[in-house]
Amino acid sequence: MCVADVTPQDWSRVAQMINTEGGRLISVWGTDRRPLADRYVMSAVYCADEGLLWLRLAVNEREGYPDLSVIFPSAARMQRTVFDLLGIPANGAEDTRPWINHGRWPASYFPLRHEFSGREQFDSGLEEYPFVQVEGDGVHEIAVGPIHAGTIEPGHFRFSVVGEKVLRLEQRLGYTHKGTDKLFVGRELADGARIAGRVSGDSTVAFAWAYCMAAEGASKCEVPPRALWLRALLLERERIASHLGDLGALGNDAGLAFGLAQFSRLKEDWVRLNLQLFGHRFMMDRIIPGGVAVDLDAERIGLLMTQCDHIEAEVRTLHGIYDEHAGLQDRFISAGRVLPKLASELGLCGMAGRASGQAWDARADQAMAPYSQLDVRMATHRNGDVAARVLVRFDEIAESLRLLREILRRLPSGSIAVPLPSSRGENLGTGWVEGWRGAVLVGLETDSQGKILRCHCHDPSWQNWPVLQHAIMGNIVPDFPLINKSFNLSYSGHDL
C-alpha cells in the first residue's frame, strides 16, 4: 500500500491516470480530523497492477473536493454518502440526492462529525425520494420493497416497464444503516474486530481478517505464519458456504427445487462442521487481532479432509445436473447479461466481475501470505449472464476445495496468536481480503493515543449494486429475482 497526500488538482489527475491505465477505484470516504489538525480529510483508495494506492486530500466543508464520478461512476453513491454522514460536498457532481439519510435526521446533522455522538434522536419522518421518471406510451412503474417476502434484507426497487419488459431500474438502499462507522470511533484497536466481523454476516471472516490486517499494520504486529494459514482456511470455508447456498437458491429461482434441497443439505453439513470445529456456524470472531482464536489437531484436520472429498463428489454430480437441465439453462443463459466492456466502465468486481471478464482476484493479484505460496487459479468467464455467474461459483468451489487441502497439508507449526502491540501516535493501516463476493477493504486511522479515529469498511457491493440496474434492462420483470440472486449483493455491508 502506498499512501500520498495530494492537492485537489492531483486528486483528479491521479484518478484519471489510474482509469486510463486500467486501474480501479475501490472506495471513497471522509474523516473528521479537526480535533487533531483542524481539517477534514477525504480518502480514495485505488487498485492498480502495482498494488493499492491511498490518496488523502485535506478539505473544508465549504470548498469540498473534486467529483470522481465523472471518471469512476461507482464513486457517485459513495460521495453522496460522504455528504450525508460528514457534510463534505463533491464539487461538480451531477447526482447530489441524499443516499443514506432518508430524512430521519436533519440536513444540518452529520453523524460522523466529532461534535455529534451518533446517539441523537430526531422526531422526523421519512422524506419522499425523487426517483428518475421514465415517460412514454405504455410506461408504468412497479415498486418493490423495501419489505420483501421471506427473511431477506430490505431494499427498494423501482421498475419502469412496458408490459413485462424492464426499461429502467432504480434502487433505494440505506434501510439497514446502523451507524457502524461511528461505533468504531474511540475504541482500542483490539476491540474493533468484533464490529468489523458484523458488517455483513455472510462475510464475517473476510471483514474480520481485513480489519485485523489493518490493525496489525497500524501497530506493526507480526502475525505467526500458522495463524495466517488458518485465516486462509476459514476464508475459503466461508467462500464455499456462500457459493453452496447461492447455487441452491439459483436453481430454485429457475424452477428446480431439487437443486435447492441438495445444495441446502450440503451447506448445512458444511456449517455444522464449522460449529463442531470452530465453535460458530459462520466462524464469527474466530479471527482476532494478532492471529486466530482456534487451532487444529490431526483429528480435526482429518475431518476437514474427509468433508472436502465428500463435498467435491456431490458438487461435481450436481454441476452435471445443472449443465444438462434444459429448463434451467434456458432461464440462466442470456439473463442479466453484463458484457465485459460495460463491466469495466462501471467497475463491476469480485465474483460477478470475473463472470464478465474482469480478471481481478486479490488472492492472485495482490497475493499476501499464505496465498502467495498457493498459486491461486482464478475462475473467469466472459458471457456475463446468470449462467456465467453460476459457472464461476462452481469453479470457485472446486478451487477453494483444492486450496483447503493444500492448506491442511502444508499448515506450519507454531503459535496461533500474539498480543497486539500497544501503539501511540497517529498511524494508518489497510486490510485487503478477497471475500466470496469480492475484495473487502478496511481503511484504519488512529489518533494520538493510538485509539481508532476512523475505520472505514468497504464491501464490493458498493460497486456492484449500480451494475445490477443495467443487468436487468431488457429482461422481463419475473426474471429479476433470478438475476438479483446471481449477484447476491449485501445490503448491510453497503448501508453500514
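This passage walks through two helix pairs and three individual residues in a predicted model.

Helix packing comes up first. Two packed helices are described by the angle between their axes and the distance between the axes. For helix α7 (residues 225-253) and helix α9 (residues 298-324), the axes come within 13 Å and cross at roughly 30°. Angles under 35 degrees count as roughly parallel, so α7 is roughly parallel to α9. The crossing of this pair is left-handed. On the α7 side, the contact is made by L233, R237, L244, L247, G248 and G251, while α9 brings L304, Q307, V315 and Y322. Sorted by type, the residues of this α7 and α9 contact come out as six nonpolar, three polar and one charged.

The other pair is helix α15 (residues 461-471) with α16, and here the axes come within 11 Å and cross at roughly 150°. An angle over 145 degrees counts as roughly antiparallel, so α15 is roughly antiparallel to α16. This crossing is right-handed. In the contact itself, W465, L468 and A471 of α15 meet F480, I483, N484 and F487 of α16. The contact of α15 with α16 divides into six nonpolar residues, one polar and no charged.

Helix α16 deserves a closer look. Spanning residues 480-487, α16 is mostly covered, with six of its eight residues buried. The buried ones are F480, L482, I483, N484, S486 and F487. Of these, F480, I483, N484 and F487 also turn up in the contact with α15. Right after the helix ends, N488 takes a positive phi of about 45°.

Next come the individual residues, beginning with R454, which sits in strand β14 (residues 452-458). The relative accessible area of R454 is 6%, and the cut-off for buried is under 20%, so R454 counts as buried. Its side chain reaches the backbone oxygen of G30 at 2.8 Å. Leaving out residues up to four places away in sequence, R454 touches W29, G30, T31, L112, D181, G443, L444 and E445. G30 is thus on the contact list of R454 as well as being the residue whose backbone oxygen the R454 side chain reaches.

N427 lies in the loop between α14 (386-410) and β12 (428-434). Despite that loop position, N427 is buried too: its relative accessibility is 19%, and buried means under 20%. Setting aside neighbours within four places in sequence, N427 is in contact with A218, K220, L444, E445 and T446. Two of these, L444 and E445, are also touched by R454. Closer along the chain, the side chain of N427 reaches the backbone oxygen of G425 at 3.3 Å. As for A298, 129 residues from N427 along the chain, the two C-alpha atoms are separated by 40 Å.

R62 is also a loop residue, placed between β4 (51-59) and β5 (65-66). Its relative accessible area is 70%, and over 50% counts as exposed, so R62 is exposed. The C-alpha atom of R62 is separated by 35 Å from that of C212, with the two positions 150 residues apart along the chain. To put the loop residues side by side, R62 is exposed, whereas N427 is buried.

Definitions and conventions
Residues are numbered from 1 along each chain as its sequence is written. This is a predicted model: local features need pLDDT of at least 70, side-chain atom pairs count only at pLDDT 80 or more; totals for chains, interfaces and linings use all residues. Side-chain values use heavy atoms; hydrogens and water are left out. Buried means under 20% relative accessible area, exposed over 50%, partly exposed in between (1.4 Å probe, protein chains only). Helices (H or I, at least four residues) and strands (E, at least two) are DSSP runs, numbered from the N terminus. Axes are lines fitted to C-alpha atoms, for helices over the stretch in contact, and angles run from 0 to 180 degrees between N-to-C directions. Angles under 35 degrees count as roughly parallel, over 145 as roughly antiparallel, 65 to 115 as roughly perpendicular and the rest as oblique. A crossing is left-handed if the near helix is turned anticlockwise from the far one by less than a right angle, and right-handed if clockwise. Contact means heavy atoms within 4.5 Å. Ala, Val, Leu, Ile, Met, Phe, Trp, Tyr, Cys and Pro count as nonpolar, Asp, Glu, Lys and Arg as charged, and the others, Gly among them, as polar. A polar contact is a pair of N or O atoms within 3.5 Å; within protein, one must be able to donate a hydrogen and the other to accept it, and residues adjacent in sequence count only if both atoms are side-chain atoms.
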